[in-house]
Amino acid sequence: QFTRPEDPPTGLDGVVDAAIGRFRRRRRLAEDLHRQAEAIDAKAEDWKFLSDQALQWHLLDFRARVRRRGREAEACVPDALGAIREAAERTLRLRPFTVQLMGALALHRGCLAEMATGEGKTLTAAMAAVLAGWTGRPCHIVTVNDYLARRDANWLKPLYEFCGVTVGCVTSVMEPVDRAHGYAKDVTYATSKEVVADFLRDRLRLGERQHATRRLLHRHMAPHEAPEGVVMRGLH
């Protein structure tokens with residue numbers, strides 16, 4: 001027997017009901033993230049005794065599985081984060097805590113994650129960026145100034161390279177050629193001002209080819225002709 005559900009509340013009752021729903025979902029999500037992070041931590045010994053070469057082999061295998069997408073890609077994320085965590089300890093001498101694993105999982109799922117000062121946001125974002133960089137799509141990490149963009153890209157470079165991911169940065173003093181080189185990396189550190197400005201400048205340079213279909217047709221008709229001065233390879 002089919003029972004028709006009640007109509008959702010409207011007006012002020014609807015606002016209160018929506019707020020209660022968001023609060024309940026937030027609590028369940030946090031509990032789920034914590035449970036998964038603890039499961040990753042429980043398998044830490046599996047990675048600890050591997051040689052650097054063996055660990056890199058596993059990381060590159062995870063990269064290939066993530067790039068193929070599908071269910072297999074999502075299923076390997078917990079094990080991949082465990083391997084990335086071990087790589088971070090070997091390359092940076094920093095071992096991500098459980099809360100940082102939770103943050104990386106949240107970012108990977110497309111959630112907004114808030115972390116307190118000192119909880120390690122920089123390393124948390126880097127672990128999630130490795131997963132994003134494996135997909136082959138451009139990944140942009142936006143920070144507040146040129147100094148942090150340059151510092152974080154240089155500081156975390158050993159981790160990214162160990163995981164088979166390229167990293168670069170874009171700052172206000174860079175010429176277009178250097179900007180294009182920075183954006184061509186799997187992961188790009190930049191400020192919001194530079195990302196927006198480069199995006200708008202590229203749109204102007206594209207002219208009539210701003211539509212994705214037109215760009216695709218032009219690429220097939222003239223594969224060796226690139227729009228002059230365009231620096232970004234895409235925003236996703």
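Biologist: What share of the 236 residues in the protein is buried?

Modeller: Buried residues make up 36% of the 236. Keep in mind that this is a predicted model. To count as buried here, a residue needs under 20% relative accessible area.

Biologist: And which elements does the protein hold?

Modeller: There are 11 helices and 3 strands. Going from the N terminus, the order is α-α-α-α-α-α-α-β-α-β-α-β-α-α. As for contacts between residues at least 6 apart in sequence, 64% of them join residues at least 24 apart.

Biologist: OK, the sheet. In what order do the strands sit, and is the pairing parallel or antiparallel?

Modeller: The order is β1-β3-β2, the sheet is open, and the pairing is parallel.

Biologist: What makes β1 and β2 edge strands?

Modeller: β1 (139-143) and β2 (167-169) each have a single partner strand, so one side of each has no neighbour in the sheet. From one strand to the next, the twist averages 25°. Helix α7 (residues 121-134) packs on the sheet and touches β1 and β3, with its direction at about 155° to that of β1.

Biologist: How do you know that β2 pairs with β3?

Modeller: Count the bridges: 3 of them join β2 to β3 (residues 187-191). Two strands pair if there are at least two bridges between them, so β2 and β3 qualify. Within that pairing, Cys169 stands opposite Tyr189 in β3. β1 gets 5 bridges to β3, also running parallel, and there Val142 stands opposite Ala190.

Biologist: Which residues of β1 are on the covered face, and which on the uncovered one?

Modeller: Cys139, Ile141 and Thr143 are on the covered face, while His140 and Val142 are on the uncovered one.

Biologist: Switching to rings: how many aromatic pairs does the structure hold?

Modeller: It holds 2.

Biologist: Why is the pair of Trp47 and Phe62 called edge-to-face?

Modeller: Their ring centres are 6.1 Å apart with the planes at 65°. A pair needs centres within 6.5 Å, and planes over 60 degrees apart count as edge-to-face, so both tests are passed. Trp47 is in helix α2 (residues 44-48) and Phe62 in helix α3 (residues 52-68), so the pair ties together parts 15 residues apart in sequence. Trp47 and Phe62 are both buried.

Biologist: What about Tyr160 and Tyr189: what makes that pair edge-to-face?

Modeller: The centres are 6.4 Å apart and the planes make 70°. Those values fall within 6.5 Å and over 60 degrees, so edge-to-face again. Tyr160 lies in helix α8 (residues 146-162) and Tyr189 in strand β3, so to speak linking distant parts of the chain, 29 residues apart. Tyr160 is buried, as is Tyr189.

Biologist: Now helix packing. Why is α3 called oblique to α5?

Modeller: The axes of α3 and α5 (residues 77-92) come within 10 Å and cross at roughly 140°. That makes α3 oblique to α5, because roughly antiparallel would need an angle over 145 degrees and roughly perpendicular stops at 115. The crossing is left-handed. Residues of α3 that meet α5 are Asp52, Leu55, Leu59 and Phe62, and among those they meet are Ala83, Ala87 and Arg90.

Biologist: What makes α3 oblique to α7?

Modeller: Here the axes come within 8 Å and cross at roughly 60°. The oblique label follows, because 60° is neither under 35 degrees nor in the 65 to 115 range. Leu59, Phe62, Arg63, Val66 and Arg67 of α3 make the contact with Leu131, Gly133 and Trp134 of α7.

Biologist: And how do you know that α6 is oblique to α7?

Modeller: Those axes come within 8 Å and cross at roughly 45°. That angle makes the two oblique, since the roughly parallel class takes angles under 35 degrees. The crossing of α6 and α7 is right-handed. Taking part from α6 are residues including Leu101, Ala104 and Leu107, and from α7 residues including Met127, Ala128 and Leu131.

Biologist: One last residue: why does Arg93 count as exposed?

Modeller: Arg93 has 65% relative accessibility, and exposed means over 50%, so the label fits. Arg93 sits in the loop between α5 and α6 (98-108). Its backbone has a positive phi of about 60°, although Arg93 is not a glycine. Most residues other than glycine have a negative phi.

Technical notes: Residues are numbered from 1 along each chain as its sequence is written. This is a predicted model: local features need pLDDT of at least 70, side-chain atom pairs count only at pLDDT 80 or more; totals for chains, interfaces and linings use all residues. Side-chain values use heavy atoms; hydrogens and water are left out. Helices (H or I, at least four residues) and strands (E, at least two) are DSSP runs, numbered from the N terminus. Axes are lines fitted to C-alpha atoms, for helices over the stretch in contact, and angles run from 0 to 180 degrees between N-to-C directions. Contact means heavy atoms within 4.5 Å. Rings of Phe, Tyr and Trp (its six-membered ring) pair if their centres lie within 6.5 Å; planes under 30 degrees apart count as stacked, over 60 as edge-to-face and the rest as tilted. Buried means under 20% relative accessible area, exposed over 50%, partly exposed in between (1.4 Å probe, protein chains only). A crossing is left-handed if the near helix is turned anticlockwise from the far one by less than a right angle, and right-handed if clockwise.
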